[in-house]
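Please open the model in your viewer, with the sequence panel beside it, and keep a cartoon representation ready. The stops below are given as selections, each followed by what is to be found there.

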Amino acid sequence: MEALKDQGNDAVRRKDFHAAVDLYTRAIEAAKACAVPDHEVAPLHSNASFACLKLGDFAQARAHAGSAVAANPTWSKGHFRLGEALFATSDYAGAEKAYSRASELAVEDVTLKKKVALAREAMAGFYFRQLLAGRDFAVSAGNMIERQIFSSAKQMQNYVYLVGDARTREAVVVDAAWDVKGIRSFAAAENMKLVGAVVTHYHFDHTGGTPPPPFDQLGIKVPGVRELAVEDKLPVYVNKDDAKTVMKSNGVPSESLTLLEDGGEVSIGSVKLKFIHTPGHTPGSQCIHIERPEQDILISGDTLFIGSCGRLDLPDCNAKLMYNSLQKKLSALPATTRVYPGHDYGGPYTTISREREQGFLKPMNEGEWMRMHGH
C-alpha cells in the first residue's frame with residue numbers, strides 16, 4: 001500500500017493525474033484487503049480526490065472526498081477536499097458546510113477561513129476584489145526587468161479591481177497593468193475566470209504599454225491590456241474617446257476593443273456594470289457604477305480620489321470637463337455610494353457623502369473651480 005501511495009504522490013508531482021488516480025485506487029483496494037485501519041486509508045481517498053479534481057472528474061472527486069470524511073471524520077483535510085469538490089460543481093452551500101467543518105477542526109488554518117468566506121460569497125453572488133500593487137500583485141519579480149517594473153508599480157500605488165459573478169466564477173479585471181501574470185494568478189487562486197478587461201482611462205499605469213518620458217528611455221514596456229487581449233483573447237472595454245490612444249500606445253488590436261459611451265452597460269453573469277463618462281483627466285475617462293441593495297459601488301479610476309481628483313496638468317486634460325464630471329455627474333450619485341479610486345492616495349475608499357462634505361464634490365460654481373486650477 002505504501003509503495004503504491006508513494007508512486008501516486010510521485011505521479012501528482014509529475015502532474016500525471018490519470019496515473020495518480022490509478023495508483024491511489026489500487027492502494028485503497030490493497031488497504032481494504034489487508035484490513036488497514038480506516039484513518040490510514042483516509043489520506044489515500046483525499047489524494048485520489050485531488051487528482052480527480054485536476055482531471056475535471058468532479059463526481060469521483062466528491063466520492064473520494066466523502067470516503068475520506070467517512071474514514072476519518074475528525075481529519076480536517078477530508079472535509080477540505082469535500083469542500084473543493086462541492087465548490088467545483090457549484091454546490092456552494094455544501095462547500096460552505098464542508099469548509100466550515102474543516103476550519104473547526106483546524107482553527108489556526110488561515111486558508112480554510114478564506115475558503116469559508118469564498119463559499120459564502122458565492123452563495124451571495126457578488127465578487128469584488130481591490131488589489132494593490134506591491135501587496136497583491138507586482139510582488140515576486142523573476143528577473144531584473146520585472147524588478148524595475150514592480151518597483152515602479154509599488155511607488156505608483158495603483159489599484160486593480162476584479163469584479164464579477166461569484167456563482168458563475170466569471171470576472172472582469174479593471175485597469176490591469178504592471179503584472180498581468182500576478183493578476184491572473186490571483187484570479188485563478190480564487191477559482192475566478194477572467195472574461196474581460198475594463199479600462200477607466202488610457203494612461204500607461206492603468207493599461208500598460210510604453211511609459212512616458214523619461215521612463216521611456218529604459219526601453220521597457222509595461223504589461224497590461226495588450227497581453228489580456230492578444231494572449232487571453234479577452235474583450236477590452238474602453239470609452240470611445242480613449243480607444244485610439246489605447247490602440248496606438250498599447251498595441252491592442254481594434255477587433256479586441258468594445259467601445260463604450262456614457263450610460264453603457266456590461267453584464268458579467270448577474271452583475272451589471274454601468275459606465276459613466278467622466279472626461280477631464282483624459283477625454284475618455286469613465287467610472288463604473290455597480291448598484292447593490294446594501295450599498296452602491298463606484299470604481300472611479302483617476303477621476304475622483306479621497307479629497308481630490310486626477311491631475312489636470314497633463315496633455316489631454318480639461319479642467320472644465322472635469323468640473324462637469326464631478327459636480328454634475330458623480331455628485332448626483334447616492335450619498336452612501338462607496339468610491340474605490342485608481343490609486344492608494346490616502347486610503348482604499350471614500351464615499352460620495354464624504355466627498356460632498358470634504359472633497360471635490362463639495363458644491364462650488366464653475367468660476368471658483370477654474371480659478372482653483374489656474375484658469
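Begin in the loop between α9 (180-189) and β4 (193-198), where N191 is found. This is a predicted model, and the backbone at N191 is worth displaying, since its phi is near 60°, a positive value in a residue other than glycine. Most residues other than glycine have a negative phi. With a relative accessibility of 35%, N191 counts as partly exposed, because buried would require a value under 20% and exposed one over 50%.

Select R169 next, in the loop between β2 (159-165) and β3 (170-174). Here too the residue is not glycine and phi is positive, near 60°. Is R169 buried or exposed? Its relative accessible area is 8%, which means that R169 is buried.

The third loop to visit runs between α11 (225-230) and β5 (236-239), and D232 lies in it. At 29% relative accessibility this residue is counted as partly exposed. Which residues are in contact with D232 once its neighbours within four places in sequence are left aside? They are R184 and E227. If you draw a distance between the C-alpha atoms of D232 and V195, the viewer should report 9.0 Å, although 37 residues separate the two along the chain.

Now zoom out to the whole protein chain, in which there are 15 helices and 14 strands. Its C-alpha trace spans about 90 × 45 × 35 Å along the principal axes. Of its 375 residues, 52% count as buried. Taking the contacts between residues at least 6 apart in sequence, 58% join residues that are at least 24 apart.

From this overview, move to helix α4 (residues 58-71), whose 14 residues should span 20 Å at 1.5 Å a residue, and whose end C-alpha atoms are indeed 20 Å apart. Colour A61, H64, A65, A68, V69 and A71, which are buried in α4. Looking down the axis of α4, you will find its buried residues within an arc of 165°, so they line one face of the helix. On the other side of α4, A59 and A70 are exposed. The cover over the buried residues of α4 includes α2 (17-33), α3 (38-55) and α5 (76-88), and the next selections take up some of these helices.

Show α3 and α4 together. What is the angle at which the axes of α3 and α4 cross? The crossing is at roughly 160°, and the axes come within 8 Å; the two helices are therefore roughly antiparallel to each other, as angles over 145 degrees are counted. The crossing of α3 and α4 is left-handed. To see the contact itself, display side chains on both helices: D38, H39, A42, H45 and S46 are among the α3 residues that take part, and F58, Q60, A61, H64 and A65 are among those of α4.

Keep α3 and add α5, which packs against α3 at an angle of about 20°, with the axes 10 Å apart. This pair is therefore roughly parallel, and the crossing of α3 and α5 is left-handed. On the α3 side the residues to select are S46, S49, F50 and L53, and these meet K77, R81, E84, A85 and A88 in α5.

Then hide α3 and bring in helix α7 (residues 110-124), which packs with α5 at an angle of about 30°, the axes lying 12 Å apart. α5 and α7 are therefore roughly parallel to each other, with a left-handed crossing. In this contact F80, E84 and F87 of α5 meet L112, K115, L118, A119 and A122 of α7.

The last stop is helix α6 (residues 92-105), whose 14 residues reach 20 Å from the first C-alpha to the last, close to the 20 Å expected at 1.5 Å a residue. Which residues of α6 are buried? They are Y92, G94, A95, E96, A98, Y99, S100, A102 and S103. If you leave α5 and α7 on display, you have before you part of what covers the buried residues of α6, since both helices are included in that cover.

Key. Residues numbered from 1 in each chain as written. Predicted model: local features only at pLDDT ≥ 70, side-chain atom pairs only at ≥ 80, totals over all residues. Heavy atoms only, no water. Helix = DSSP H or I, 4+ residues; strand = E, 2+ residues; numbered from the N terminus. Expected span 1.5 Å × (residues − 1). Buried < 20%, exposed > 50% of the residue type's maximum accessible area, 1.4 Å probe, protein only. Arc of directions from axis to C-beta. Contact = heavy atoms within 4.5 Å. Axes fitted to C-alpha atoms, helices over the stretch in contact; angles between N-to-C directions. Parallel < 35°, antiparallel > 145°, perpendicular 65-115°, else oblique. Left-handed = near helix turned anticlockwise from the far one by under 90°.
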